[in-house]
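Q: Could you take a close look at one part of this model for me, and then work outward from there? I would like the cut-offs along the way, please.

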There are 2 protein chains.
Amino acid sequence: MSSFDPTEQRLAVTCRRQPAFPREPAVLVRLIKHLYKRVHDDANAMLKPWGISHAEYNILMMLYGTEGYTLNPSQLAEAAGEKSANITRLADNLCDKGLIERTASDEDRRKVSLTLSRAGLAMIDDFMPAVCALLESQTAGMKPAETAQLERLLKKFLGQLERD
Amino acid sequence: MSSFDPTEQRLAVTCRRQPAFPREPAVLVRLIKHLYKRVHDDANAMLKPWGISHAEYNILMMLYGTEGYTLNPSQLAEAAGEKSANITRLADNLCDKGLIERTASDEDRRKVSLTLSRAGLAMIDDFMPAVCALLESQTAGMKPAETAQLERLLKKFLGQLERD
DNA sequence: TGTTTGTATTTCAGATATGAAATATATGGA
DNA sequence: TCCATATATTTCATATCTGAAATACAAACA
């Protein structure tokens, strides 16, 4: 019994009432939504002891995954999947917490560099065991071939959404 | 070239820096986030002419997919994947727009019934062609066997997240 | 009956996210 | 040079969402 069952049941009724309604994409889209909400909530709960949100975590980790630990707000927006107005706010918060540093670029003065601070790096090292444990538990029941297949299909789906 | 490439690239760097970091679940979680944002934005854009949001659309469609077009806020919260405090607000808006009706239950006076109105039904009939077109375009590049496999794997993933 | 415990919904304050406009700088011609 | 257009970021008003507390009723039972 999954929390998704009531949703699926209601999609079935919709299909009966609207013969043109395409079940498969509708189910996929709603599964994505359910999964995202769940993953987002779990991540927020896990990160609570460190006083950062899932969105802030994503910013820190995108900087961490970059040579030089530095990105511009616009690169960060793409990597973290946030709108640029939101990046400004998140970066403000992370600066206030001392986890990143904001410096002006001199090569292009429109640009801003956001760099992981020493404290930001230390926090990542600190929460990393908890993050790894959560991530591992999330796929614990799936075989490597299944997760690889899921990755492939999700990328194909994303590619389709982004065509044109 | 996908908008996901920069993210994936940064996850690869993270794996190099943190050998314990499990790539596969991290990639899946971030793909889910990217997909959700995209689907959510596209749905909002498509629905704009009708003056409703993606979240409001989900409420309407969950009522539409129910015998009697009626649900309680708590059932709606589960079906639509929203927190109950949010259902109250969304239902308020939909009532103001005349798309649903709120009535007290007499069998259990704590409960509230939210019912699709005549105008709500008419709006669904009206936007249905655009909804179907969007949904179909979203999986246009995938074979039925692939979407079925994706559905199966997403359900397995969700099941894993919800164990315990 | 009265009391306790549980469930359904709403309220409220604060967090989070958004679009559109504003600001500042860059770039490529005329 | 001057101008038009493009890019990067922020600001601001508003929309959206959340947790926690408050409210209202139900159900079980001493």
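A: Let's start at Ser74(A): an N or O atom of its side chain is 2.5 Å from a phosphate oxygen of DNA strand D. That is a polar contact, meaning a pair of N or O atoms within 3.5 Å; within protein, one must be able to donate a hydrogen and the other to accept it, and residues adjacent in sequence count only if both atoms are side-chain atoms. Please keep in mind that this is a predicted model, in which local features need pLDDT of at least 70 and side-chain atom pairs count only at pLDDT 80 or more, while totals for chains, interfaces and linings use all residues. Side-chain values use heavy atoms, with hydrogens and water left out, residues are numbered from 1 along each chain as its sequence is written, and chains are lettered from A and ligands numbered from 1 in the order in which they are written.

Staying with strand D, a backbone N or O atom of Val112(A) lies 3.1 Å from one of its phosphate oxygens. From the other chain, an N or O atom in the side chain of Arg110(B) is 3.4 Å from a sugar or linking oxygen of DNA strand D. In total, 19 residues are around DNA strand D, and Pro73(A), Ser74(A), Arg102(A), Arg110(A) and Arg89(B) come nearest. Of the strand D atoms that come within 4 Å of the protein, 75% are sugar and phosphate. A residue is called near a strand if one of its heavy atoms lies within 4 Å of it. The surface near DNA strand D divides into 4 nonpolar, 6 polar and 9 charged residues. Here Ala, Val, Leu, Ile, Met, Phe, Trp, Tyr, Cys and Pro count as nonpolar, Asp, Glu, Lys and Arg as charged, and the others, Gly among them, as polar. At least two residues of this surface come from each of α4 (73-80) and α5 of chain A and α5 of chain B. Those labels are DSSP runs numbered from the N terminus: helices are H or I with at least four residues, strands are E with at least two.

Now for DNA strand C. It is surrounded by 18 residues, the closest being Arg89(A), Arg110(A), Ser74(B), Arg102(B) and Arg110(B). A polar side-chain atom of Arg89(A) is 2.5 Å from a phosphate oxygen of this strand, and the side chain of Arg102(B) places an N or O atom 2.6 Å from a phosphate oxygen. Two or more residues of the surface near strand C come from each of α5 (84-96) of chain A, α4 (73-80) of chain B and α5 (84-96) of chain B. That surface holds 4 nonpolar, 6 polar and 8 charged residues.

How are the two chains related? A rotation of 180° with 0.0 Å of shift along its axis superposes chain A on chain B, with an RMSD of 0.0 Å, which is the relation of a two-fold axis. The fit is by least squares on the C-alpha atoms of residues with pLDDT of at least 70 in both copies. The same surface serves both copies, since 99% of the contact residues of chain A recur in chain B, contact meaning heavy atoms within 4.5 Å.

One side-chain pair between the chains is Glu67(B) with Arg16(A), joined by a polar contact of 3.2 Å. Setting aside residues up to four places away in sequence, Glu67(B) touches Val13(A), Arg16(A) and Arg17(A). Glu67(B) sits in the loop between α3 and β1 (70-71) of chain B and counts as exposed, at 51% relative accessibility. For reference, buried means under 20% relative accessible area, exposed over 50% and partly exposed in between, with a 1.4 Å probe and protein chains only. In that same loop of chain B is Tyr69(B), which has a positive phi of about 55° although it is not a glycine; Tyr69(B) is partly exposed, at 23%.

Helix α3 (residues 54-64) of chain B is largely enclosed by the rest of the structure, because 11 of its 11 residues are buried. In chain A, α3 (residues 54-64) is mostly covered, again with 11 of 11 residues buried; among them are Tyr57(A), Leu60(A) and Met61(A). Leaving aside neighbours within four places in sequence, Phe127(A) is in contact with those three residues as well as Leu47(A), Trp50(A) and Ile52(A). Phe127(A) is one of the residues with the most contacts inside the largest nonpolar core, which has 102 residues. Such a core is a set of buried Ala, Val, Leu, Ile, Met, Phe, Trp, Tyr and Cys residues joined through side-chain atoms within 4.5 Å.
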